[in-house]
Amino acid sequence: HKPRVILLAAVPPDLRAAIDASCEVVAAPGAALPPGTDLAELLKGVRGALTTIRAGIDDPLLARCPDLKVVSNVAVGYDNIDVPAATRRGVLVCNTPGVLDAAVADLTMVMLLSLGRGALDADRFVRSGGWNAGAFPLTRDIAGKTLGIVGLGRIGRMVARRARAFDMDVVYYKPNRDAGAEAEGLATYCDRDDLFKRADFVSLHLPFNEATRRGIGAREFALMKPTAYFINTARGSVVDEAALIAALKANTIAGAALDVMEKEPIGADHPLCGLPNVMLLPHIGSATVETRRAMMELAVKNLIAAACGDRAPAMVNPEVLDR
Ligand code: GLV
Ligand code: GLV
């Protein structure tokens with residue numbers, strides 16, 4: 001009989017038909033579960049789950065769901081899932097790498113260019129009638145400025161390529177040097193502290209995990225130039241958000257653009273919303289029609305393959321299969 005699965009993400013009809021063809025969908029509540037829902041209860045007797053980053057899959061939950069064999073996240077990040085616990089319990093975790101790189105890199109450039117050229121302030125200037133009273137203050141060229149990329153993975157590389165097209169100097173830091181990217185002329189390796197000191201823009205492209213938790217904080221903001229901007233499209237929790245707010249308030253750095261926050265969503269009462277020198281976006285890095293479709297296609301493929309005992313195309317912990 002067909003493996004039982006649950007869909008904690010809204011799946012378009014054609015992909016739902018593909019799932020129905022090989023799996024029994026026992027529930028499809030979508031991404032927004034009613035508050036107080038016992039996820040473990042929902043997952044009882046289920047072999048596979050299609051999830052978004054809103055579904056917390058931790059060890060106590062996994063302990064209550066011994067039949068669960070695959071969690072297919074519709075995201076490249078999987079910090080909502082305790083992967084070591086999943087691996088220990090023989091649960092395969094899948095994600096959607098690759099298909100969202102260009103969209104996230106594009107949004108990074110939107111943020112970089114908007115910060116550098118004062119686009120949001122300029123818009124407010126016109127709307128508030130400032131233009132009638134005089135000219136908008138001069139900003140600075142993008143060309144010739146230095147972009148510091150922290151984490152040069154797939155997304156970081158795409159950002160580097162775009163920044164090079166804008167004639168920026170690109171430096172990067174990651175624990176293991178990327179000889180390929182250096183040979184391609186995409187980015188120059190830089191000591192971590194030097195990156196923060198030298199960059200006119202710092203952009204984060206690293207995953208969240210216990211090793212990166214709040215890794216960027218007061219120390220790093222103090223290293224940055226007072227004219228430099230900070231950009232985060234990765235995960236809010238790789239930054240010490242209180243330290244960032246303090247740096248923005250004290251003008252230790254010129255400004256920031258954030259597509260991710262420590263705890264999402266945030267409302268108008270959040271301290272970040274009261275700051276004039278930060279651009280805030282509602283976690284939309286991958287939020288285009290084409291990219292979300294590609295992510296859903298890959299996540300559904302992962303779910304069906306893994307639930308049916310086949311090899312999934314994008315596995316986070318393939319070592320589960322070797323046991
Ligand atoms: C979105 O944040 C993702 O990880 O895909
Ligand atoms: C994130 O997955 C990256 O490749 O930078």
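**Two ligands, one helix pair and two backbone oddities**

A polar side-chain atom of arginine 235 lies 2.7 Å from an oxygen atom of ligand 1. The model is predicted.

Trainee: What makes the pair between arginine 235 and ligand 1 a polar contact?

Mentor: A polar contact needs N or O atoms within 3.5 Å. The polar side-chain atom of arginine 235 and the ligand oxygen are 2.7 Å apart. That meets the cut-off, so the pair counts. Histidine 283 also offers a side-chain N or O atom, 2.6 Å from an oxygen of ligand 1. Glycine 77 uses a backbone N or O atom instead, at 2.7 Å. On its own, ligand 1 has 190 Å² of accessible area, and the protein covers 89% of that.

Trainee: Which residues surround ligand 1, and how do they divide by type?

Mentor: The shell holds Ala75, Val76, Gly77, Leu100, Arg235, His283 and Met295. Four are nonpolar, two polar and one charged. Ala, Val, Leu and Met count as nonpolar, and Arg as charged. Gly counts as polar, so Gly77 goes with the polar residues.

Trainee: How do you know that arginine 154 makes a polar contact with ligand 2?

Mentor: Apply the 3.5 Å cut-off again. A polar backbone atom of arginine 154 is 2.9 Å from an oxygen atom of ligand 2. Histidine 205 also contributes a polar backbone atom, at 3.3 Å from a ligand 2 oxygen. Both distances are within the cut-off, so both pairs count. Taken alone, ligand 2 exposes 190 Å², of which the protein buries 80%.

Trainee: What else is around ligand 2?

Mentor: Its shell is Val76, Gly153, Arg154, Ile155 and His205. By type, that gives two nonpolar, two polar and one charged.

Trainee: Why is H5 called oblique to H8?

Mentor: Helix H5 (residues 101–117) and helix H8 (residues 154–165) have axes that come within 8 Å and cross at roughly 50°. Roughly parallel means under 35 degrees, and roughly perpendicular means 65 to 115. The angle fits neither range, so H5 is oblique to H8. The crossing of H5 and H8 is right-handed.

Trainee: What makes aspartate 167 stand out?

Mentor: Its phi is positive, about 60°, although aspartate 167 is not a glycine. Most residues other than glycine have a negative phi. Aspartate 167 sits in the loop between H8 and strand S7 (169–173).

Trainee: Which peptide bond is cis, and where is its proline?

Mentor: The bond joining glutamate 264 and proline 265 is cis, with omega about -5°. Most peptide bonds are trans. Proline 265 lies in the loop between strand S11 (255–258) and strand S12 (278–280).

Note on methods. Residues numbered from 1 in each chain as written. Chains lettered and ligands numbered in written order. Predicted model: local features only at pLDDT ≥ 70, side-chain atom pairs only at ≥ 80, totals over all residues. Heavy atoms only, no water. Near = heavy atom within 4 Å. Polar contact = N/O pair within 3.5 Å; in protein donor to acceptor, adjacent residues only side chain to side chain. Areas by Shrake-Rupley, 256 points an atom, 1.4 Å probe, with all protein chains shown as cover. Axes fitted to C-alpha atoms, helices over the stretch in contact; angles between N-to-C directions. Helix = DSSP H or I, 4+ residues; strand = E, 2+ residues; numbered from the N terminus. Parallel < 35°, antiparallel > 145°, perpendicular 65-115°, else oblique. Left-handed = near helix turned anticlockwise from the far one by under 90°.
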